[in-house]
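Me: I'd like to go through the empty space inside this model with you. Can you take a look?

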Amino acid sequence: MARSLTRAAPALTLLALLGPVAAGLAGTIAPAFGLLPALGGSEITLTPFRELLGWPGLPRAVFLSLFTGLAATMLALALTLLICAGWQGTRAFAALERALSPLLSVPHAAAAFGLAFLIAPSGWIARALALPLGWEQPPDLLILQDPRGLSLIAGLVVKEMPFLLLMTLAALPALRPAQSLATAQALGYGRVTAWAKVIMPRLYAQIRLPVYAVLAFSVSVVDVAMILGPGTPPPLAVQVLKWMNDPDLALRFRAAAGALLLLALTIAALLLWRGGEIAARRLSARWLVSGGRGHAEPLLRGLGLGLGALSAALVLLGLAGMAVWSLAGLWHFPELLPQGWTLRSWMRHGPDLLALFGRTMLIAATASGVAMVLTTACLEAEQRFGLRPGTRALWLLYLPLLVPQIAFLPGLQVAALLAGLDGTLAAVIAVHVVFVLPYAFLSLSDPYRALDPRYAAVAHALGKGPSATFWRVRLPMLLRPWLTAAAVSAAVSVGQYLPTLLIGGGRVPTLTTEALALASGGDRRVIGVTALAQTGAAFLPFALALLIPALAWRNRRGMRHG
């Protein structure tokens, strides 16, 4: 029985990933062409697209989505490569890695709120400048939600760069960068130039899919855009969500057409990026063999380290700013700190947040648990049956991250409505699994495949079967990476906004949906309390991932690093 379930695990996992995406896309395409009998749509028509094209804000919304998505991805990737080129393998790089890694768990909304608290005209940066510049009032500048989307780009860069950096670190060992770098430097190349010429071309092929996922996310992001992005008009994904939630149900047809347009826009952005890759490869071919040893090496290294540290500092200072606001009493501009401290905000909102915290953790734990079981079963199937996933399998794994959420979740919402599952906790958990599964697989696959197969061979020689070897040898030795992957999955679930809002129908509130609902209110104390509670929910699984192995292996020195 266990053997057949393990063999069926890859197929079940693909079904869990692709089934909802396919059903959701079908449910979006039909109303986009006028077919939604529940709302009176019984004939195929192009009216939704005509109404969409007639919306005056469409050109600006399309431009914002494309511009902010491409710019954020380009900057995050450039910064990641610059940090690695200048500092990979050094103590400074290890310190920066330790500072950036925990930031991966900070939910997008919490990071965006923190950045907003820093860069707002009355934020900490303006307060720090107020004394030397003699400001008595906040400067009259449109920094947050600026019309060009610059603050949105900054928010996406500081949040996506740690993800790309960790994907890069996972891919680097197979390339043996130390040997390649030493050889190139022995030939007289500067460190950054050597890294760019002998490592980056091979590395990029390994991290192409994560880069595509970042691009697709940035073009179609909703929660960060609601906090930092322009409002009139907003990026297309935010406008589609507004139409979806409008009391006028007839706007659902236009929303479906907008969702399809956003899908086309994301595909266009990916094709544009792919064209840029090809152009860059052709243009750099002569440079790679030209023999140039590099210029401005110290400047490039300093720039990489400085911008990386700034990125980490913005997120950490943003979290500190929210903590201060959550405890602030009277706090006038331009004072750097409040005149008094109080627990009033925590006391007033604590009981409600406790209930939201419990529901958020329940959803995260269940979705993460399902994802980890499927992921572990798939990886175990690889070991037992000699399966080797190819590039096509990786594309399928990334599919829920490449297709914009707003393109298929409205259709999935209609399907859940017809099945009577909308607004239920089970439906929300099920849709969270779709987005959690890829991260669970990406986090656990490398440690699982890297475990020395001789451990299993010894167990078999001692008479243990495949199941006993898995439960008594492989799983205990992988306890720490398994728990870390589960923590990453749980953190991803905690940060899910759109799936919770649409599939939950507003009846399954979590800390993330509550934090975004408060964004329009502008009460920084309440936002600070809620965003900190959300961050705490994302950090808790990571704390457990550190604590449990330490307790489990406290009497076994050899297992403490396993």
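Me: Which residues lie nearest the centre of the largest cavity?
Reply: In this predicted model, the residues nearest the centre of the largest cavity are His 108, Phe 217, Tyr 439, Val 492 and Gln 496, and they belong to a lining of 32 residues.

Me: And which elements give two or more residues to that lining?
Reply: Those elements are helix H7 (150-171), helix H10 (200-220), helix H16 (391-402), helix H17 (405-418), helix H18 (425-450) and helix H21 (479-494), and the largest share, five residues, comes from H10.

Me: How do the lining residues divide into nonpolar, polar and charged?
Reply: For the largest cavity, 23 of the lining residues are nonpolar, while six are polar and three are charged.

Me: How much space lies in there?
Reply: The largest cavity holds about 640 Å³ of space.

Me: OK, switching topic. How many cavities of 30 Å³ or more does the structure hold?
Reply: There are four cavities of 30 Å³ or more in the structure, and the second largest of them has about 60 Å³ of space.

Me: What lines that second largest cavity?
Reply: Its lining is made up of Gln 383, Tyr 448, Leu 451, Asp 452, Pro 453, Tyr 455, Ala 456, Val 473 and Arg 474, which by class gives six nonpolar residues, one polar and two charged.

Me: Which helices supply at least two residues there?
Reply: Helix H19 (453-461) and helix H20 (466-477) each do so for the second largest cavity, with H19 providing the largest share of its lining, three residues.

Conventions: Residues are numbered from 1 along each chain as its sequence is written. This is a predicted model: local features need pLDDT of at least 70, side-chain atom pairs count only at pLDDT 80 or more; totals for chains, interfaces and linings use all residues. Side-chain values use heavy atoms; hydrogens and water are left out. On a 1 Å grid over the protein atoms alone, a cavity is a set of points where a 1.4 Å probe fits but cannot get out, and a pocket is an open set with protein on both sides within 12 Å along at least five of seven lines; lining residues have an atom within 4 Å of a point. Grid points are joined across faces, edges and corners, and a volume is the space filled by probe spheres set on the points. Helices (H or I, at least four residues) and strands (E, at least two) are DSSP runs, numbered from the N terminus. Ala, Val, Leu, Ile, Met, Phe, Trp, Tyr, Cys and Pro count as nonpolar, Asp, Glu, Lys and Arg as charged, and the others, Gly among them, as polar.
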